[in-house]
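Biologist: I am new to reading structures like this one. Please choose one part, look at it closely with me, and then show me how the rest fits around it.

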Amino acid sequence: MAEECISYNYAEYIIRKWEVGAAKLNTFSSLFLADRNEAYKLLEAIIGVQHAMNHHVKLSTTSRKLVGAQELMQIAMHRLRYEFSAILSATRSSNLDSESLNSQDRDRETTATESERAVEDLKSVAECMIACGYAKECVGTYRIVRKSIVDETMYYLGIERLRNSELRNMEWRNLETRINTWLRVVKIAVQNLFKREKIICDAVFSSSEKVAEACFAAISTDAAADLFSFAESLCKCKKVLSPEKIFRLLDLYEVISDLWPDIELLFADKLSSEVRSQAAMAQLKLGETVSAMLGQFEEAIRKETSPPPIGGGVHPLTRYMMNFLVVLGDYDAALSSILEDWSPANVRSTPTKNRFSSHASGGEADASAPEISRRLSWLIVILLCKLDGKTAAYDDVALSYLYLANNLNYVVSKVRSSNLGILIGEDWIGKHELNVKAYLTKYEKIGWSDVTSAATPPAEVAESVELYYAGFHETCRKQRSWVIPDPIIREEVKISLRKRILSGYRVLCKRMNNMPDVIVRYTPQELDNYLSNLFQE
């Protein structure tokens with residue numbers, strides 16, 4: 001009994017030594033941060049008092065010793081609450097957060113050691129308070145301090161709660177800044193901040209899984225739900241519904257998809273289910289909005305009414321749409337997931353075909369192909385048929401074919417040189433490359449018929465030569481403004497024309513050499529020079 005009294009007296013001495021009175025609040029200094037050995041002596045003293053209380057309560061619930069021990073315990077718990085808060089607050093800008101959240105260079109080994117020590121101290125204090133019946137006070141202090149740290153960190157990262165009305169009224173420049181900030185920090189928040197808080201909670205309250213889950217939910221749910229609600233709210237803003245903004249929404253969708261395993265792991269329990277639901281809803285709304293925007297994009301292409309270029313070059317619509325599809329193809333994973341969920345197959349209508357729409361036949365990907373392949377090839381079919389319809393503006397059929405060849409070649413080259421080639425396939429590319437050659441062949445045959453027909457004359461050579469020259473000059477004059485933007489195709493066409501036109505002219509020249517009364521105005525090389533100057537942009 002004497003040993004117990006000495007132990008109790010020593011415990012009382014330690015506790016009263018470190019009592020936090022009203023006069024000391026302004027100058028409070030944590031033992032755990034200043035003298036850990038003395039701090040753990042305090043914990044031992046508190047456990048000693050708890051043992052004494054358990055002993056005395058068995059003898060009498062009203063004994064003076066029990067009342068004294070209870071008063072001493074209150075003094076001790078008052079101190080521990082301040083200690084607990086001090087350790088938690090000290091991690092606000094150092095041990096537990098800064099290595100991951102700040103870009104400052106610090107000694108990682110030192111930081112890891114400090115983190116482990118801080119968590120160890122927090123766990124010791126928590127276990128002591130819980131063992132002494134002060135679990136509510138311990139958890140309350142933990143929640144208040146750590147939640148404020150989470151909220152401050154989110155603010156530091158640039159994430160703040162915005163009402164839907166604020167987003168709707170925000171200028172696109174400011175809205176895009178918000179989106180960029182969100183994309184930059186969402187992985188930091190999930191994989192660093194929330195993950196770190198989960199680790200700390202599980203370590204500090206390792207003796208009670210339920211307490212750890214409740215604490216983590218209390219400090220992180222609001223911030224995490226706000227984080228993902230931004231993505232959902234964005235889908236309601238009209239400013240993001242134009243086609244070129246679709247990539248911003250796909251960026252958000254991709255990030256949530258990438259983070260989904262982390263989200264499921266961190267917010268796995270029932271108390272954190274709100275975060276999982278919010279993240280899932282955000283992804284669902286993003287997918288729904290992207291699908292709707294693709295439908296709007298398709299409809300806008302159908303309604304486009306601008307005339308074709310004067311010289312049969314690549315239409316601005318072709319450049320715009322293919323550049324759009326090339327970027328879209330780079331989001332293949334996200335887009336595949338979205339289109340599998342939001343397939344528009346049931347609302348498609350076949351584009352109107354006309355005399356130049358042979359490329360639309362077989363233009364779509366195979367029915368067994370992935371939905372993304374079928375949808376992208378379908379959008380290209382819409383474009384090609386729209387381009388077909390614009391040929392009616394040309395008076396010259398040959399120019400119509402040159403125009404179709406230029407535009408289809410641009411489409412094929414964009415597909416071949418991007419991820420679209422993988423998604424749509426080599427068969428599609430090969431088939432449409434043949435269509436390009438077919439259009440060019442028709443252009444040459446129709447566009448130079450006045451020349452080639454004169455090169456195979458009847459018996460009257462002089463008349464044939466004049467017809468040849470007249471046809472050649474008129475065709476060159478007419479096609480002076482026609483263009484072939486692709487240098488490879490341009491050179492191939494020139495080579496083909498040389499074979500088609502100059503070979504017949506050489507035969508005429510040989511016949512004219514034996515006819516002194518027929519004047520040869522041009523050598524084959526001079527005509528070749530005329531051809532060389534065609535189709536320049």
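Modeller: Here is a walk through one helix first, and then through its surroundings.
A word on the source: this is a predicted model, in which local features need pLDDT of at least 70 and side-chain atom pairs count only at pLDDT 80 or more, while totals for chains, interfaces and linings use all residues. Residues are numbered from 1 along each chain as its sequence is written, and side-chain values use heavy atoms, with hydrogens and water left out.

The chain has 22 helices and 0 strands; helices (H or I, at least four residues) and strands (E, at least two) are DSSP runs, numbered from the N terminus. Of its 537 residues, 49% are buried. Buried means under 20% relative accessible area, exposed means over 50%, and partly exposed is in between (1.4 Å probe, protein chains only).

Our chosen part is helix H14, residues 332-341, whose buried residues are Ala334, Leu335, Ile338 and Leu339. Why do they lie on the same side of H14? They cover an arc of only 120° around the axis, so they share that side; the arc is taken from the directions from the helix axis to the C-beta atoms. An α-helix has 3.6 residues a turn, so residues three or four places apart point the same way. On the face turned away from the buried side, H14 carries the exposed residues Ala333, Glu340 and Asp341.

What does the buried side meet? Its residues pack against helix H11 (246-266), helix H12 (273-303), helix H13 (316-329) and helix H15 (371-390). Helix H15 holds Glu371, which counts as buried because its relative accessibility is 3%. Between the C-alpha atoms of Glu371 and Ser336 there are 6.8 Å, although 35 residues separate them in sequence. Joining distant parts of the sequence is seen across the chain: among contacts between residues at least 6 apart in sequence, 80% join residues at least 24 apart. Contact means heavy atoms within 4.5 Å.

Now to the interior. The largest nonpolar core has 163 residues, and Trp182 and Phe194 have the most contacts inside it. A nonpolar core is a set of buried Ala, Val, Leu, Ile, Met, Phe, Trp, Tyr and Cys residues joined through side-chain atoms within 4.5 Å. Helix H9 (residues 172-204) gives the most to this core, with 13 residues. Beyond its neighbours within four places in sequence, Trp182 is in contact with residues including Ile159, Leu227, Phe228 and Ile256. In soluble globular proteins, nonpolar side chains tend to be buried together.

There is empty space to look at too. The largest pocket holds about 330 Å³. On a 1 Å grid over the protein atoms alone, a pocket is an open set of points with protein on both sides within 12 Å along at least five of seven lines, and lining residues have an atom within 4 Å of a point. Grid points are joined across faces, edges and corners, and the volume is the space filled by probe spheres set on the points. The pocket has 16 lining residues, and the closest to its centre are Asn409, Val436, Lys437, Ile489 and Glu492. Helix H16 (397-416), helix H18 (426-447) and helix H21 (487-512) each give two or more residues to the lining, with the largest share, 6 residues, coming from H18. The lining divides into 6 nonpolar, 4 polar and 6 charged residues; Ala, Val, Leu, Ile, Met, Phe, Trp, Tyr, Cys and Pro count as nonpolar, Asp, Glu, Lys and Arg as charged, and the others, Gly among them, as polar.

Helix H21 also holds Arg498. Leaving out residues up to four places away in sequence, Arg498 touches Glu491, Ser503, Asp528, Leu531 and Ser532.

Terms used: 1 Å grid on protein atoms, 1.4 Å probe; cavity = no way out; pocket = protein on both sides within 12 Å on 5 of 7 lines; lining within 4 Å.
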